[in-house]
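Dear colleague,

Please find below the structure that I am handing over to you. I would be grateful if you would read the notes beneath it with the coordinates open.

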Amino acid sequence: MSDEQQQPSESIARIELSNLQLADYEALLSTMKAAYPDWPGGFWTIETMRRLIDKFPEGQFVIKADGQVVGSALSIIVQYSHFGDSHTYKQITDSYSFDTHDAAGDVLYGVDVFIHPDYRGLRLGRRLYDARKELCERLNLKAIVFGGRIPNYHKYVDEMSPKDYIRKVKLREIYDPVLTFQLANDFHVKKVLRAYMPDDEESQEFACLLQWDNVYYESKHRTTTGRKDYARVGLIQWQMRSYSGLDEMFEQIEYFIDAVSAYKADFAMLPELFNAPLLAAYNHLSEAKAMRELAEFTDEIVSRFKRMAMSYNVNIITGSMPEVVDGTMYNVGYICHRGGKTDRYVKVHITPDESKFWGIKGGDVVKTFDTDAGRIGVVICYDVEFPELGRLLAEEGMQILFVPYLTDTQNAYMRVRCCAQARAIENECYVAMTGSVGNLPKVENMDIQYSQSVVFTPSDFAFPSNAIKAEATPNTEMILVADLDLTLLNELHTYGAVRNLKDRRKDVYDVIKVKKGE
């Protein structure tokens, strides 16, 4: 199965991945039939699904687009030494009864994966495989194993052996909709299986025994917690350059989002006012009017980011852009969740230049956002220089503070940087910041940029001695990727050498919100 070949639908508002429920069966059956239109055998019955759910509910995944079932991944746990590498599908499933499922086994065995053909192109198959991998790691299993079909082999059966066919697929000389996809998802071929699935005429009854190894496997310890305990962030240090229009700019944006997604990052962040190059078309206008013209792009930009977040399976923090609401212009950004949800944040503190030249006003909402990789906050550039905002977000349980910024000189950058590092230490959280580099000689008030993206940590024994997790090369277009262990924050809050949050003297002072929520 591969879902990477067609373009995603632009009408999808929400994608959800969850465990399969029996109530999903009819929709699941419809999707299964659409995914396997030429399948000569039978389809999974409701009784079969009931058995699977009863035996191993957390191993059965379903993915929905706007509430409609569009794909699924089914699996069991087996004690692999009981079967070895030479087995058939019927043997490993005990004649499709799944009585071979063993909760004390050591391998997650893939039973089936399929995506409705109308929804291929959203990388939904990758999401299902990522969910399996996370499950494998969480249950401390050695590997994921399954027999993968080679449905295009029937076209070449008179020309080459299965071994030669697989070799050519690996070399990308032949495209196979299943094997090509599996190889791209870090599975390796262990051997060729004969008579694996007798009804599979397209594969000529051959299959590849595929395996993904869990590098975190520990032979004497199994963890069953379902809580995500780390987050991978990808910061885009963006170069300001001239673009002919929005489409050309998004070609560059998509390049970076694709790169960050390929590293399986949970978050991708762009800088403040990353779309400033589009101001060049309005140089004949005053700076304030030009910025309002730039605001006309915001709705379309957010719409594109929303589709991209779902397609590339990464939460996108859009930096910031101007937005006009009821005649007032704000500096705003959006969190485009990979599940389809969108959250909005707004810059609270406006610099003198933003007010004087562009007529931007400050917002009045300070809030955290729950994501599938932790609770986060976002403050835009100048906002990080006001410690009250970080403290308010910390009181709401913020784990990562994201800071998109735009600075022209090194001393301006250092103000943002030093304050960002202080926020990490005093609020016992991670802080990730990124900005723009390069020059825009044809845009008024946007001539030069200075940036060095960085991820700060708290300052204690469990963290780097300089409280810096990762740092980009100054003034160079690049991405910075860092893994953040969220469990360390919980330990710090309770057992740290000092406890900045716990030891606050609220009997002497306090920080409170004047305005609640949005």
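The notes that follow cover the nonpolar cores and then the salt bridges. Please bear in mind that the model is predicted.

Nonpolar cores

The largest nonpolar core comprises 50 residues. Within this core, the residues with the most contacts are Phe267, Ile317, Ile376, Ile400, Phe402 and Met433. Ile317 may serve as a starting point for inspection. Leaving aside residues up to four places away in sequence, Ile317 touches Phe267, Ala268, Met269 and Leu270, among others. Its further contacts include Tyr334, Ile335 and Tyr345, as well as Ile376, Val378 and Phe402. A second core, separate from the largest one, has 44 residues, among them Ile253, Met321, Tyr334 and Leu406. As general background, nonpolar side chains in soluble globular proteins tend to be buried together.

Salt bridges

Searching the whole structure gives 28 salt bridges. Three of the pairs are described here.

The side chains of Lys133 and Asp186 form a salt bridge, with an N to O distance of 3.7 Å. This pair connects distant parts of the chain, the two residues being 53 residues apart. Lys133 belongs to helix 4 (residues 124-138), whereas Asp186 lies in the loop between helix 6 (179-184) and strand 6 (188-193). Which of the two partners is buried, and which is partly exposed? Lys133 is the buried partner, because its relative accessible area is 6% and buried means under 20%. Asp186, at 44%, is partly exposed.

Lys341 and Asp343 also meet through their side chains in a salt bridge, at 3.8 Å from N to O. In this pair the lysine, Lys341, counts as partly exposed at 38% relative accessibility, while Asp343 is buried, with a relative accessible area of 12%.

The salt bridge between Arg504 and Glu395 has its closest N and O atoms 2.6 Å apart. Here too, distant parts of the chain are linked, with the two positions 109 residues apart in the sense that they are 109 residues apart. Arg504 is found in the segment after helix 13 (487-495), and Glu395 is in helix 11 (residues 387-395). Arg504 counts as partly exposed, at 21% relative accessibility, and Glu395 is likewise partly exposed, at 33%.

Finally, Arg149, Asp200 and Glu202 are joined into one network by salt bridges that share partners. In general terms, side chains of opposite charge can pair when their charged atoms come close.

With kind regards

Note on methods. Residues are numbered from 1 along each chain as its sequence is written. This is a predicted model: local features need pLDDT of at least 70, side-chain atom pairs count only at pLDDT 80 or more; totals for chains, interfaces and linings use all residues. Side-chain values use heavy atoms; hydrogens and water are left out. A nonpolar core is a set of buried Ala, Val, Leu, Ile, Met, Phe, Trp, Tyr and Cys residues joined through side-chain atoms within 4.5 Å. Buried means under 20% relative accessible area, exposed over 50%, partly exposed in between (1.4 Å probe, protein chains only). Contact means heavy atoms within 4.5 Å. A salt bridge is a side-chain nitrogen of Lys or Arg within 4 Å of a carboxyl oxygen of Asp or Glu. Helices (H or I, at least four residues) and strands (E, at least two) are DSSP runs, numbered from the N terminus.
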